[in-house]
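Here is a quick walk through the model, starting with a backbone oddity and moving on to the packing and the empty spaces. Keep the viewer open as you read.

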Amino acid sequence: MSNSLWHRTCLVVGGAFLVLAIDAQAADGTDLSAAKQEGKVVWYTSTPIATANKIAKLFETKTGLKVDMFRSGGSALVGRFQREISTAIIAVDVLTTSDPAAVAAMARQGAFEPFKPAGFEQVPDVAKDDDGAYVAQRLNVMTLFVRTDKLKASDVPRTWAALTDPKYKGMMVMANPSFTALQLMEVATLSKKLGWDYYEKLQKNDVMIVEGNEEVVAALKSGQRVIAVGANDVYAKNARQDGYPIASIYPTEGVFLIPSPTAVVKGSPHPNAAKLFAEFTLSEEAQKLLTQDGGYAARMDIPPPSGSPELGSMKALRVDYGQVDKEEASIKRRFNEIFSGSTTGSRPQL
């Protein structure tokens with residue numbers, strides 16, 4: 001970190017206060033006229049679809065540039081991008097994914113163009129690369145959530161470990177880590193903390209496995225399942241706004257706080273438009289769209305979504321991104337071995 005001015009915020013991680021230093025660093029420049037000559041930007045993103053569309057449309061309105069967006073789960077996006085790299089035919093300009101371990105690994109391999117957009121200094125150091133290879137677009141809070149009209153208050157699970165209780169059999173739904181990177185971070189951590197027998201017990205409890213967070217909340221909305229196991233809390237908030245009796249539960253062991261990094265792809269077809277769009281995603285306007293839709297902005301100068309706790313008030317489980325990067329394939333394989341015969345709400349991408 002440079003010797004320029006900085007300030008601090010605190011987050012409770014693993015029972016201790018983690019100091020997040022925010023460094024006041026100068027932003028890199030963008031070239032609007034050069035971007036307009038390129039005409040468009042191609043964006044691969046795992047941002048919730050409604051919010052992603054708002055960000056894209058606002059950027060188009062402000063700049064006149066077209067956004068070609070491909071939206072999918074974080075792990076699926078990384079796979080698509082890695083296939084492009086392997087063929088040396090790069091179609092994407094900007095990558096936003098919920099897989100910080102994979103993004104950090106690809107940054108080390110030189111896949112991204114170092115770029116520090118305006119607002120870079122407002123993102124905590126733990127959620128960005130010092131040299132600007134990537135910077136978080138948003139912070140994802142992974143919690144439990146439940147249908148309060150279908151579960152007695154005394155039966156609401158308050159810990160991750162409680163979910164193995166046979167009384168929850170046939171009541172739970174969970175995303176597949178082969179599709180969504182957020183779930184990959186969670187499975188990697190809990191399988192170390194609680195052991196793979198934890199997931200074996202969940203399988204015996206007939207957990208429904210679906211692709212991603214949208215399918216998880218759909219199962220709760222329909223009443224097909226009543227407990228979401230470690231899903232992105234923004235979907236619970238959106239469901240509440242739509243009138244569904246869905247409550248967020250913050251397990252006593254801790255929640256998961258996972259950044260979704262944005263990176264400008266090296267050698268992309270529209271490099272100037274890429275930087276302009278990457279900078280826009282970190283602007284106050286775009287960051288406030290995230291909070292309006294119930295999510296947490298990456299910038300620490302943007303207040304949390306209405307009715308949500310401050311980040312510093314939450315206990316968070318520490319994710320070992322190095323471990324995830326090294327063991328990703330084996331984690332996905334073991335998970336899918338355990339749940340190969342489980343009920344599925346939609347066919348997982350294995």
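## Two odd backbone spots

Start in the loop between helix 3 (74-87) and strand 5, where you'll find alanine 88. Keep in mind that this is a predicted model. Alanine 88 isn't a glycine, yet its phi is positive, at about 60 degrees. Is alanine 88 buried or exposed? With a relative accessibility of 66%, alanine 88 counts as exposed, because the cut-off for that is over 50%.

Aspartate 206 does something along those lines too: a positive phi of about 60 degrees, and not a glycine. Look for aspartate 206 in the loop between helix 6 and strand 8 (208-210). Its relative accessible area is 26%, so aspartate 206 is partly exposed.

## How far to trust it

Averaged over the chain, the pLDDT is 88, and 89% of the residues score at least 70. Where is confidence lowest and where is it highest? The low end is strand 1 (residues 6-13), with a mean of 40, while strand 5 (residues 94-96) sits at the high end with 98.

Two stretches deserve some caution. Residues 1-26 have a pLDDT below 50, and the model gives this stretch 68 contacts beyond near neighbours in sequence. Residues 345-350 are also below 50, with 17 such contacts in the model.

## The overall build

The chain is made of 11 helices and 13 strands. It runs to 350 residues, of which 57% count as buried. Take the contacts with a separation of 6 or more: 76% of them join residues 24 or more positions apart.

## Packing inside

In soluble globular proteins, nonpolar side chains tend to be buried together. Here the largest nonpolar core has 37 residues, and the members that touch the most others are Met174, Tyr199, Leu202, Ile227 and Phe339. Two or more residues each come from strand 6 (135-147), strand 7 (172-175), helix 5 (181-193), helix 6 (196-204), strand 9 (227-232), strand 11 (256-264) and helix 11 (321-338). Helix 5 gives the largest share of this core, 7 residues. A separate core holds 21 residues, including Val41, Ile55, Leu276 and Ala286.

Methionine 174 is a handy residue to click on. Leaving out residues up to four places away in sequence, methionine 174 touches Gln183, Tyr199, Leu202, Val207, Met208, Ile209, Val210, Val216, Val229, Phe335 and Phe339.

## Enclosed cavities

Rolling a probe the size of a water molecule over the atoms shows where empty space is left. How many cavities of 30 Å³ or more turn up? The count is 2. The largest cavity has about 130 Å³ of space. Its lining has 16 residues, and Arg138, Asn232, Val234, Gly295 and Tyr296 are the closest to its centre. Strand 6 and helix 8 each give two or more residues to the lining of the largest cavity, and the largest share, 4 residues, is from strand 6. Sorted by class, the lining of the largest cavity has 6 nonpolar, 6 polar and 4 charged residues.

The second largest cavity offers about 60 Å³. Around it you'll see Glu113, Phe115, Pro117, Gly132, Ala133, Tyr134, Val135, Thr262, Ala263, Val264 and Ala278. Strand 11 contributes the largest share of this lining, 3 residues. By class, the lining of the second largest cavity splits into 8 nonpolar, 2 polar and 1 charged.

## An open pocket

Now for a space that isn't closed off. The second largest pocket comes in at a volume of about 220 Å³. It is lined by 13 residues, and Pro48, Ala50, Tyr235, Asn238 and Asp242 are the closest to its centre.

Which helices supply at least two residues each to the lining of the second largest pocket? They are helix 2 (49-63), helix 7 (213-222) and helix 8 (233-241). Helix 8 has the largest share of that lining, with 4 residues. As for chemistry, the lining of the second largest pocket has 6 nonpolar, 3 polar and 4 charged residues.

How values were computed
Residues are numbered from 1 along each chain as its sequence is written. This is a predicted model: local features need pLDDT of at least 70, side-chain atom pairs count only at pLDDT 80 or more; totals for chains, interfaces and linings use all residues. Side-chain values use heavy atoms; hydrogens and water are left out. On a 1 Å grid over the protein atoms alone, a cavity is a set of points where a 1.4 Å probe fits but cannot get out, and a pocket is an open set with protein on both sides within 12 Å along at least five of seven lines; lining residues have an atom within 4 Å of a point. Grid points are joined across faces, edges and corners, and a volume is the space filled by probe spheres set on the points. Ala, Val, Leu, Ile, Met, Phe, Trp, Tyr, Cys and Pro count as nonpolar, Asp, Glu, Lys and Arg as charged, and the others, Gly among them, as polar. A nonpolar core is a set of buried Ala, Val, Leu, Ile, Met, Phe, Trp, Tyr and Cys residues joined through side-chain atoms within 4.5 Å. Buried means under 20% relative accessible area, exposed over 50%, partly exposed in between (1.4 Å probe, protein chains only). Contact means heavy atoms within 4.5 Å. pLDDT is the predictor's confidence in each residue, from 0 to 100.
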